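Reader: Could you walk me through this model, one question at a time?
Author: Gladly, let's look at it together.

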Amino acid sequence: MNLTYEQLGAIFRLCVYMMQADGGITSKEVIPFRRFLYRFDGMDQEILNEIMRVGQYEVTDERALQLIAGLDDDTKREVADLLADTVVSDGQYSEKEEELLDALVESCGLPAPVIEGYGEDKIPPTFIAVKTSGLIEIWQTETNEWSEVEGALCEAVGAERLEVVRFTPILNQLTEELGLNGRHLVFLMDRNAAMKEDACDNMTGTILYGRGYEIMGDIVLALETDEGYDVVGMESFKKECAVFDAVNDAVGGLMRIPE
């Protein structure tokens with residue numbers, strides 16, 4: 001493998017993010033990267049320090065993702081294995097780590113990391129529609145591309161146009177409780193629901209809005225990226241369940257699963 005200092009610095013930058021995913025960096029989490037570098041001929045502590053400096057100060061996050069995405073398939077396999085080794089080096093494998101690993105794999109086009117249990121909880125992008133009656137319906141899409149998501153979610157609430165409700169006090173609190181990584185909890189509603197003669201109030205939506213404004217019609221619980229504000233679904237069954245449980249607790253058990 002012939003890699004530049006910039007490419008190795010990019011790999012180091014991703015490893016650091018994995019090390020920090022569950023809190024502070026431990027000495028055990030550094031070992032896989034050092035082992036990875038010392039396979040290169042002529043590697044010594046001085047070169048290692050320079051690579052870490054480049055990764056920390058000269059390579060931006062965007063540039064790091066571009067560099068990794070441009071690697072050949074064999075090197076991508078090595079990077080995926082390195083990230084996997086970094087994740088499990090401290091004897092733990094948290095949900096936050098798996099979410100971050102998913103994001104890096106998708107962004108860089110890496111092969112699936114070899115970790116016991118990795119991917120077993122994966123589901124297609126999933127959204128939770130909450131009817132005015134409190135009953136829920138699960139909607140899934142093949143991708144998170146808005147062109148596909150929008151049509152499915154309009155159908156879910158019987159709307160022609162959707163409005164995203166974000167950053168209310170209770171949604172912010174739930175986002176923090178759920179520990180969403182690079183995402184925040186939102187709900188989507190029919191922009192014209194209040195104008196429809198048969199529209200009913202949605203108590204779940206009204207409580208989540210929390211500003212004395214009555215939400216009319218069905219709503220959809222979803223996630224939105226912190227950067228870009230892209231509406232996306234939940235992509236793990238554990239996350240879907242966690243969102244349902246957290247929201248249902250917050251609204252006093254108004255949401256119901258169909259029997």
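Reader: Which residue follows H6, and what is the sign of its phi?
Author: Helices here are DSSP runs of H or I with at least four residues, strands are runs of E with at least two, and both are numbered from the N terminus. Right after H6 comes glycine 109, with a phi near 65°, which is positive.

Reader: Before we go on, what kind of model is this, and how are residues numbered?
Author: Residues are numbered from 1 along each chain as its sequence is written, and side-chain values use heavy atoms, with hydrogens and water left out. This is a predicted model, in which local features need pLDDT of at least 70 and side-chain atom pairs count only at pLDDT 80 or more, while totals for chains, interfaces and linings use all residues.

Reader: How far does H6 reach from its first C-alpha to its last?
Author: Helix H6 spans residues 95-108, 14 residues in total. The expected span is 1.5 Å times one less than the number of residues. That expectation is 20 Å, and H6 comes close to it, reaching 20 Å.

Reader: How are H5 and H6 oriented to each other?
Author: Their axes are 11 Å apart and the packing angle is about 170°. Axes are lines fitted to C-alpha atoms, for helices over the stretch in contact, with angles from 0 to 180 degrees between N-to-C directions. Angles under 35 degrees count as roughly parallel, over 145 as roughly antiparallel, 65 to 115 as roughly perpendicular and the rest as oblique. The two helices are therefore roughly antiparallel.

Reader: Which residues of H6 make that contact with H5?
Author: Contact means heavy atoms within 4.5 Å. On the H5 side, the residues are Lys76, Leu83 and Val87. On the H6 side, they are Glu97, Leu101, Leu104 and Cys108.

Reader: Is phenylalanine 33 buried or exposed?
Author: Phenylalanine 33 lies in helix H2. Buried means under 20% relative accessible area, exposed over 50% and partly exposed in between, with a 1.4 Å probe and protein chains only. At 1% relative accessibility, phenylalanine 33 is therefore buried.

Reader: Which helix gives the most residues to the largest nonpolar core?
Author: A nonpolar core is a set of buried Ala, Val, Leu, Ile, Met, Phe, Trp, Tyr and Cys residues joined through side-chain atoms within 4.5 Å. The largest has 35 residues, and Ile11, Phe33, Leu37, Ile68 and Leu83 touch the most other members. H1, H2, H3, H4, H5 and H6 each supply at least two residues. With nine residues, the top contributor is H1.
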